Each structure stands twice: as structure tokens, then as C-alpha cells.
Amino acid sequence: MQHSTSEKTRVDPSNPETIPKFVDELPIPAIAKPNRMVNENDPYYAIEMKEAKHQFHKYFPATTIWGYNGMYPGPTFHVKKDETIKVKWMNRLPSQHLLPIDRTLHGTSHSPDVRTVVHVHGAHVASDSDGHPDAWFTRNFKIRGETFKQKVYEYTNHQMGATLWYHDHALGITRLNVYSGLVGFYLIRDPLEEELQLPSSEYEIPLMIQDKSFNPDGSLFYPENTNPPAEVNPSVVPAFIGNTIVVNGKVWPFLKLEPRKYRFRLVNASNTNGYTLKFENDHPFYQIGTDGGLLPEPVKLNSLALEPAERADIIVDFSTLNGQSLILKNSNDEGDLGFIMQFRVVLPLSEKDMSKIPSSLCTDEPLTEEMATKTRLLTVGATIDQYNRPMLLLDHRMWDDPVTETPSLNSVEIWKFINTTPFAHPIHVHLVQFKILHRRPFNLDRFLEDGYIQYTGPAIEPNDNEKGWKDTVRADPGMVTSIIMRFENFTGDYVWHCHILEHEDYDMMRPMKVIE
Ligand code: C2O
Ligand code: CU
Ligand code: CU
């Protein structure tokens with residue numbers, strides 16, 4: 001114990017070199033419990049956003065966070081496919097934000113109180129329950145000065161079983177609210193899944209990966225200004241990457257395992273950071289699901305790229321690793337940032353592992369290019385804003401320019417994201433799950449000159465583990481990334497945006513309206 005006391009005194013939360021890794025056990029977020037049933041049988045949840053203290057690391061002082069029910073991550077929703085649930089989201093946050101607000105952004109002048117709105121990412125949901133960035137509310141339940149009748153959201157869960165997640169979406173401060181801790185899992189269960197005998201109950205574990213930085217006193221660090229003027233640094237675009245990795249709320253945790261198969265539900269809930277996940281010794285694993293549900297068949301992998309908001313459902317077999325430990329890393333191995341967490345195969349096998357990695361997982365109705373009635377060309381590009389800062393835009397438009405993406409109900413559309421910036425952007429569309437058609441290299445200079453798309457090579461198929469349903473796609477630089485989707489069941493106001501939260505808040509977000 002002497003050892004840990006001395007370790008503790010050396011720890012400076014602001015300096016990752018001093019933070020010992022793998023000393024905290026991975027927590028499993030609590031399951032959200034309905035408060036009661038309404039309309040006969042619909043589970044009804046009441047969730048409060050509250051300030052609370054959170055222990056990120058055994059040797060840190062407690063940190064003030066914001067959490068759903070005061071927890072970080074928030075409670076995990078477990079819902080059944082096609083089961084309607086209602087959630088009353090309540091803002092009980094203090095009036096002062098935990099983190100510095102950039103008052104030049106849309107939305108930030110609307111209310112002196114902290115604004116929140118909850119979005120279930122990946123949900124096929126009615127517009128008034130989607131958590132539109134303008135549908136924010138404050139703790140006084142006022143919207144733009146008017147008293148706001150507290151909103152109960154309804155989720156019909158009429159979609160495939162999937163790993164969804166919920167998070168804050170308030171205009172202009174999404175990056176701050178999410179970073180403060182307003183995130184959680186939302187898992188939709190499909191009865192068909194049971195028949196597949198995937199690893200389940202304690203062998204099925206959600207993993208939420210985020211990066212964070214801390215001040216020496218253990219409080220959350222977030223910079224005053226993520227977007228300096230161009231004269232300060234013309235190449236800088238808004239971004240923030242923390243210097244520690246936090247999984248399910250602990251900094252570089254470990255997990256004790258039995259020598260058997262496990263199923264992990266991964267979400268990259270980071271603000272900016274993308275990861276290429278890899279186990280030590282290139283230990284293989286199988287991806288069985290994407291953002292929107294199960295893949296047609298498992299895909300064997302040694303590494304997995306996960307951009308912000310992307311999810312992966314994977315099975316890892318630890319049966320040959322009895323007594324060993326295995327580190328999950330970010331394979332670009334930039335020093336300490338290279339590690340995610342550690343798996344220790346040290347528990348006795350409690351029963352024979354009867355779980356399976358089935359050879360086929362689900363059958364799937366294809367969307368073909370012939371079905372599309374509209375193709376939209378959408379630039380993912382940059383400009384300079386009125387403050388002389390580089391600004392990222394979609395389709396050359398600002399958030400509050402009139403809506404231009406207005407798909408008709410029941411139509412199939414192809415959207416082509418033409419990335420003219422030097423880096424990848426994870427582009428997310430609300431309401432739908434889509435398929436990636438392909439990515440195709442194009443002549444950037446020509447495009448910037450006269451707007452003509454001159455392809456410079458053949459279309460590249462998505463990777464095998466991107467062939468399932470997606471709601472977020474990596475739009476690579478120098479590529480035109482094409483997706484296809486059907487707009488069904490709901491009309492009204494939604495959004496699409498880059499899911500790098502610093503980009504989203506700095507205007508890389510556009511309205512979308514599904515019309516009759
Ligand atoms: Cu994960 Cu528009 O959101
Ligand atoms: Cu979303
Ligand atoms: Cu972006």
C-alpha cells in the first residue's frame with residue numbers, strides 16, 4: 001500500500017505522464033429504470049440532468065461533472081425493438097456553465113441559463129422528439145423567454161436492434177455539454193438476436209470511449225478558445241483532443257475477464273478524436289454490427305477505425321489467453337494517447353462458453369442506386385468567417401441559412417459528400433440509417449476552380465465492416481463519399497452535421513426537412 005500512497009502524491013491530473021494506468025476497474029453504467037408504466041404498457045422514464053462529483057481515477061481529486069441522473073456515463077437504456085417508451089428529460093443544471101462559452105456562436109445569446117436538449121443518436125424518431133438543436137430548454141423550462149411546458153419525448157424504437165447512444169445537442173454548446181458528461185448508451189434489443197446465441201448478460205459490455213484533459217486540481221479542462229483567429233494560426237480549425245483516454249468514465253481502466261468470448265458495444269463519444277483500435281499482438285476480433293444494427297455476416301479484423309459517433313459491435317475471443325492481459329490501443333501510438341484500456345484474463349471460467357460467432361447474422365433489404373429519385377452534391381469545405389477564423393461549412397452554407405435539404409417522405413436519395421478539406425469528417429444524418437455506396441477520388445483543384453467533379457480513379461467500395469447500416473460516415477479528404485437512404489415514416493425538421501463536435505458548433509451543421 002505504501003507504493004500506492006507515493007504514487008498518489010506524484011499524480012498530477014493535468015500531466016498524463018504522472019497518471020498510472022490500469023489502476024481503476026472498468027465501471028458498467030447502471031441500467032435506466034422506468035419510473036412507471038403509462039398507456040397500459042409504455043415504460044416512462046424521468047431523467048434529470050444534474051451536476052455531480054465523479055471519480056475519474058483513483059488518485060484524482062473528485063471532479064465536477066454534469067450527468068444524466070448525475071451519472072457519467074448516464075444510465076443505459078435497454079429497450080425492445082418496436083416498444084414505445086417515453087422519457088421526461090429534466091434540466092436541473094446550475095445556471096453557470098462548467099466550461100468557457102464562445103459567445104460568437106449561434107444560440108449562445110438566447111438564454112443566460114444553461115441550455116440542454118437530448119438527442120438519441122441513430123434513433124428513427126418523430127421530429128418533435130428528435131432533440132433538434134433549436135429545441136433546447138433551460139432549468140426554468142423557458143424557451144426564448146417563454147415558459148416551456150416540460151417536454152416528454154417519445155421513442156417508438158421501430159428499427160433494428162442496435163447500439164445507439166444519447167447525448168446533448170443544444171445549439172452552439174453541444175461540444176461543452178457532451179464534454180461535461182451528458183452522454184449515455186441506448187441499446188435496442190431485437191428478439192431475433194437472442195436466437196444467435198451471441199455472448200450475453202455479463203459477457204456483453206458497453207464501452208464508451210472519450211478523451212479528456214484535467215486541470216491540476218482534477219477539474220475538467222477545456223480551452224477558452226478552440227478556434228483562434230487566422231492571423232494567430234491560419235491552419236487551425238476548431239478541434240479539441242484531450243490528453244487522457246476515459247472509458248465508461250474511468251481514465252485508462254482495466255477489466256477482469258474469463259477465458260471465453262465477450263461482446264463489446266463500442267461507441268466513440270469523443271469530441272474530435274478518431275481512433276484506430278487494435279489489441280496487443282494483433283489479437284483478432286469479429287465485428288458483428290455497425291451504427292444501425294447487425295452486419296449481414298461477421299467481419300474478422302485486426303484493427304478498427306472509429307470516428308466520433310461511430311459504433312461497432314464486436315466479439316473478442318479470450319479463450320486462448322488464460323492468465324494473460326491484453327491492452328487495447330489506439331494504433332497510431334502517440335505516446336500515452338496510444339492506450340485505451342487493459343483486459344486481464346484472470347477470472348475462472350464460470351461455465352462452458354456456449355456463445356457463438358454465427359456465420360450469418362441478419363438478412364437485409366438492399367438499397368440500389370436505381371431506387372434513388374434525387375442525388376444531392378454537398379460540399380464539405382472551409383472558408384474564413386467574419387472574425388477572420390477558418391470556418392468549416394457544409395454545402396457552403398451556415399446553420400441559419402434557409403433549409404436546402406428537403407427530401408420527400410418515402411423517397412430514396414443519394415447524397416455525395418465532396419470533401420475539399422485536408423482531413424476526414426464524420427458526417428451524420430438524423431432520422432435515417434443509410435448505406436455507404438462508395439468513395440471516389442476527385443480532382444480537388446479543378447473542383448475549387450469551376451465546381452466540376454472530375455474523378456481521378458475508380459469508385460472504392462466501403463470496407464466490409466462498413467457495409468451494414470450506418471448513420472455516421474467517414475468522409476475522407478480528396479474523396480466524394482456517396483451514401484443512399486430512404487426517408488420514411490416521419491416528416492418535419494431534422495439536421496445533418498459533422499460529428500466532430502467542435503466542427504458542429506462552429507457551423508458545420510445544416511437543417512434538413514422531410515416533406516410530405
Ligand atoms: Cu450524435 Cu446530431 O448527433
Ligand atoms: Cu444523431
Ligand atoms: Cu468536421
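In this predicted model, H119 is in contact, once its neighbours within four places in sequence are left aside, with D130, G131, Y166, H167 and H169. H119 belongs to strand β6, which covers residues 118-121, and because 23 other C-beta atoms lie within 10 Å of its own, where 20 or more are needed, H119 counts as buried. P133 follows 14 residues further along the chain, and its C-alpha atom is separated from that of H119 by 8.7 Å.

From this residue one can step back to the whole chain, which is divided into domain 1 (2-192), domain 2 (201-345) and domain 3 (369-514). The centres of domain 1 and domain 2, taken over C-alpha atoms, are separated by 19 Å, and the contact between these two domains takes 43 residues from domain 1 and 40 residues from domain 2. On the side of domain 1 that touches domain 2, at least two residues each are supplied by β3 (63-68), β10 (162-168), α2 (174-179) and β11 (183-189), and α2 gives the most, with four residues. Sorted by class, this side of domain 1 has 26 nonpolar, eleven polar and six charged residues.

The UniProt record offers another division of the chain, for an unreviewed entry there lists residues 62-99, 115-191, 254-319 and 395-514 as "domain: Plastocyanin-like". In the model, the span 62-99 is 0% helix and 45% strand, with its end C-alpha atoms 17 Å apart. The span 254-319 is 0% helix and 65% strand, and its end C-alpha atoms are 18 Å apart.

An open sheet of five strands comes next, with the order β16-β24-β23-β18-β21 and mixed pairing. The strands β16 (254-257) and β21 (303-306) stand at its edges with a single partner strand each, so one side of each is left without a neighbour in the sheet. On average, and with direction ignored, neighbouring strands of this sheet are turned by 20° against each other.

Following the pairings strand by strand, one finds that β16 runs parallel to β24 (residues 339-345) and is joined to that strand by four bridges; within this pairing, K256 has R344 of β24 as its bridge partner. Strand β18 (residues 275-279) is mostly covered, with four of its five residues buried. Four bridges join β18 to β21, and these two strands run antiparallel, with T276 standing opposite A305 in β21. Strand β18 also runs antiparallel to β23 (residues 325-330), to which three bridges join it, and here the bridge partner of F279 is L328 in β23.

Some details of the backbone in the loops complete the tour. P73 lies in the loop between β3 and β4 (77-80), and the peptide bond from Y72 to P73 is cis, with omega near -10°. F22, in the loop between α1 (2-10) and β1 (36-38), has a phi near 60°, a positive value in a residue other than glycine. A positive phi, near 80°, is also found at D507, whose place is in the loop between α5 (501-505) and β33 (509-514). As for their surroundings, F22 counts as partly exposed because 19 C-beta neighbours lie inside 10 Å, whereas D507 is buried, with 24 other C-beta atoms within 10 Å.

Note on methods
Residues numbered from 1 in each chain as written. Chains lettered and ligands numbered in written order. Predicted model: local features only at pLDDT ≥ 70, side-chain atom pairs only at ≥ 80, totals over all residues. UniProt positions renumbered as here; feature names shortened; annotations may be inferred. Pairing = 2+ DSSP bridges. Axes fitted to C-alpha atoms, helices over the stretch in contact; angles between N-to-C directions. Domains from an automatic or database assignment. Contact = placed C-beta atoms within 7 Å. Nonpolar A, V, L, I, M, F, W, Y, C, P; charged D, E, K, R; others polar. Buried ≥ 20, exposed ≤ 12 C-beta atoms within 10 Å, placed from the backbone.
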